[in-house]
Amino acid sequence: TYWVYILASKPGGTLYVGVTNDLTNDLVRRIYEHREGLAESFTRRYGIKRLVYFEAHETIAAALQREKNIKHWSREWKIDLIVAGNPDWRDLYDEIVR
């Protein structure tokens, strides 16, 4: 399984779109790295730590294409995607570490 995810600095804040694989290891590890400031300088620089959206894909090609598509969307479309599944902008990290 491959994962596309969106992180936010706060509800309605700065957004980051990423891709990784394996929910039990890589998604948890990758989000942990973002939360702890160990990952890319963009997320660290803007305090982007809140996991607000994620979706599964069967192939890496599908996940990479979806990530690319979402990155090219307008901010409004990204926010609509988040709000459709997470209207309160909850941090979903606790849901993936269980």
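Which radius of gyration would a compact globule with 98 residues have, and what value does the chain have? In this predicted model, the chain has a radius of gyration of 12 Å, which agrees with the value near 13 Å for a compact globule with 98 residues.

**Overall form**

Taken along the principal axes, the box filled by the C-alpha atoms is roughly 30 × 25 × 25 Å. The chain holds 5 helices and 3 strands, and from the N terminus the elements follow the order β-β-α-α-β-α-α-α. Among contacts between residues at least 6 apart in sequence, 64% join residues at least 24 apart. Of the 98 residues, 39% count as buried. The chain exposes about 5600 Å², of which carbon and sulfur atoms supply 49%. The chain carries 15 positive and 14 negative charges, and the mean positions of these two groups are 7 Å apart.

**Helix α4**

Helix α4 spans residues 75-85, and its buried residues are Lys78, Leu81 and Ile82. These residues lie on the same side of α4, because they cover an arc of only 95° around the axis. An α-helix has 3.6 residues a turn, so residues three or four places apart point the same way. The buried residues of α4 pack against three strands and a helix, namely β1 (2-8), β2 (15-21), β3 (50-57) and α3 (60-72). The face turned away from the buried side carries the exposed residues Glu76, Trp77 and Ala84.

**Two individual residues**

Thr43 and Gly12 are set out below by relative accessibility.

| Residue | Relative accessibility | Class |
|---|---|---|
| Thr43 | 1% relative accessibility | buried |
| Gly12 | 39% relative accessibility | partly exposed |

Thr43 is part of helix α2, which covers residues 41-46. Thr43 counts as buried because its relative accessibility is 1%, and the cut-off for buried is under 20%. Beyond its neighbours within four places in sequence, Thr43 is in contact with Leu7, Tyr16, His34 and Ile48.

Gly12, by comparison, is located in the loop between β1 and β2. A relative accessibility of 39% makes Gly12 partly exposed. When neighbours within four places in sequence are left aside, Gly12 is in contact with Arg75 and Trp89. Arg75 falls within the range of α4, residues 75-85. Gly12 and Lys68 are 56 residues apart along the chain, and their C-alpha atoms are separated by 21 Å.

Technical notes: Residues numbered from 1 in each chain as written. Predicted model: local features only at pLDDT ≥ 70, side-chain atom pairs only at ≥ 80, totals over all residues. Heavy atoms only, no water. Buried < 20%, exposed > 50% of the residue type's maximum accessible area, 1.4 Å probe, protein only. Helix = DSSP H or I, 4+ residues; strand = E, 2+ residues; numbered from the N terminus. Arc of directions from axis to C-beta. Contact = heavy atoms within 4.5 Å. Rg over C-alpha atoms; globule rule 2.2 N^0.38 Å. Areas by Shrake-Rupley, 256 points an atom, 1.4 Å probe, with all protein chains shown as cover. Lys, Arg positive; Asp, Glu negative; His and termini not counted. Charge placed at Lys NZ, Arg CZ, Asp CG, Glu CD.
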